[in-house]
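Colleague: Got a minute to walk me through this one? I'd like to know what I can take from it.

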Amino acid sequence: MNKNIVRIGLTLLLVSGCAKTPDRITATYVSPALFQEHSCTTLLAERNRIVTELDQLVEGQQKASATDAVATGIALVLFWPAALTLGVTKDNASALSSAKGHYDAISTAIQQKGCHITAA
């Protein structure tokens, strides 16, 4: 009975320390009003820059999530000291949330201004 309680507690501790997958990270709200004074050309360039940043952050977050999942699995099944590696991976959740919010705000500003988006 006591061992089960310890195992459950350890499991909850390990799972709570894992990096989230990119799709589980929500955008931080950024007001589109920040971009109202920008021209369509500037907005489109900024949106392209944000897309590149998002791609890099998503890739990094996927790696962090996968690394933490492997460490958690090893810790739970084979070797509990592997739990010490949790939190060592670079978790980009905050930066990814912010970038998603900026992308949403820029996209809204582009739509509100009626900017024409051409296919790249």
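Modeller: Sure. One term before we start: a polar contact here is a pair of N or O atoms within 3.5 Å, where within protein one must be able to donate a hydrogen and the other to accept it. Also, this is a predicted model.

Colleague: OK, polar contacts then. What does the side chain of Ser 97 reach?

Modeller: The backbone oxygen of Thr 26, at 2.7 Å. The Ser 97 side chain also has a polar contact of 2.5 Å with the side chain of Thr 28.

Colleague: And where does Ser 97 lie?

Modeller: In helix α3.

Colleague: Is Ser 97 buried or exposed?

Modeller: Buried, because its relative accessibility is 10% and the cut-off for buried is under 20%. Leaving out residues up to four places away in sequence, Ser 97 touches Ile 25, Thr 26, Ala 27 and Thr 28.

Colleague: Switching topic: how many disulfides are there?

Modeller: One. Cys 40 is joined to Cys 115, with an S to S distance of 2.1 Å. The link is left-handed, with -80° about the S-S bond.

Colleague: Which parts of the chain does that pair link?

Modeller: Distant ones: Cys 40 is in helix α2 and Cys 115 in the segment after α3, 75 residues apart.

Colleague: Why does Cys 40 count as partly exposed?

Modeller: Because its relative accessibility is 30%, and partly exposed falls between 20% and 50%. Its partner Cys 115 has a relative accessible area of 12%, so Cys 115 is buried.

Colleague: What about the largest nonpolar core?

Modeller: That core has 14 residues, and those touching the most other members are Phe 35, Leu 43, Leu 54, Leu 96, Ile 106 and Ile 110. Helices α2 (40–77) and α3 (93–113) are the elements that give two or more residues to this core. The largest share, six residues, comes from α3.

Colleague: Take Ile 106. What is Ile 106 in contact with?

Modeller: Setting aside neighbours within four places in sequence, Ile 106 contacts Phe 35, Leu 43, Glu 46, Arg 47 and Ile 50.

Colleague: Last thing. Which elements have the lowest and the highest mean pLDDT?

Modeller: Helix α1 (residues 2–16) has the lowest, at 51, and α3 the highest, at 94. For the protein, the average is 78, and 63% of the residues score at least 70.

Colleague: And where does pLDDT stay under 50?

Modeller: Over residues 12–16, for which the model has five contacts beyond four places in sequence. Where pLDDT is low, the predicted coordinates should not be read in detail.

Methods: Residues are numbered from 1 along each chain as its sequence is written. This is a predicted model: local features need pLDDT of at least 70, side-chain atom pairs count only at pLDDT 80 or more; totals for chains, interfaces and linings use all residues. Side-chain values use heavy atoms; hydrogens and water are left out. A nonpolar core is a set of buried Ala, Val, Leu, Ile, Met, Phe, Trp, Tyr and Cys residues joined through side-chain atoms within 4.5 Å. Buried means under 20% relative accessible area, exposed over 50%, partly exposed in between (1.4 Å probe, protein chains only). Helices (H or I, at least four residues) and strands (E, at least two) are DSSP runs, numbered from the N terminus. Contact means heavy atoms within 4.5 Å. A disulfide is a pair of cysteine sulfur atoms within 2.5 Å. pLDDT is the predictor's confidence in each residue, from 0 to 100.
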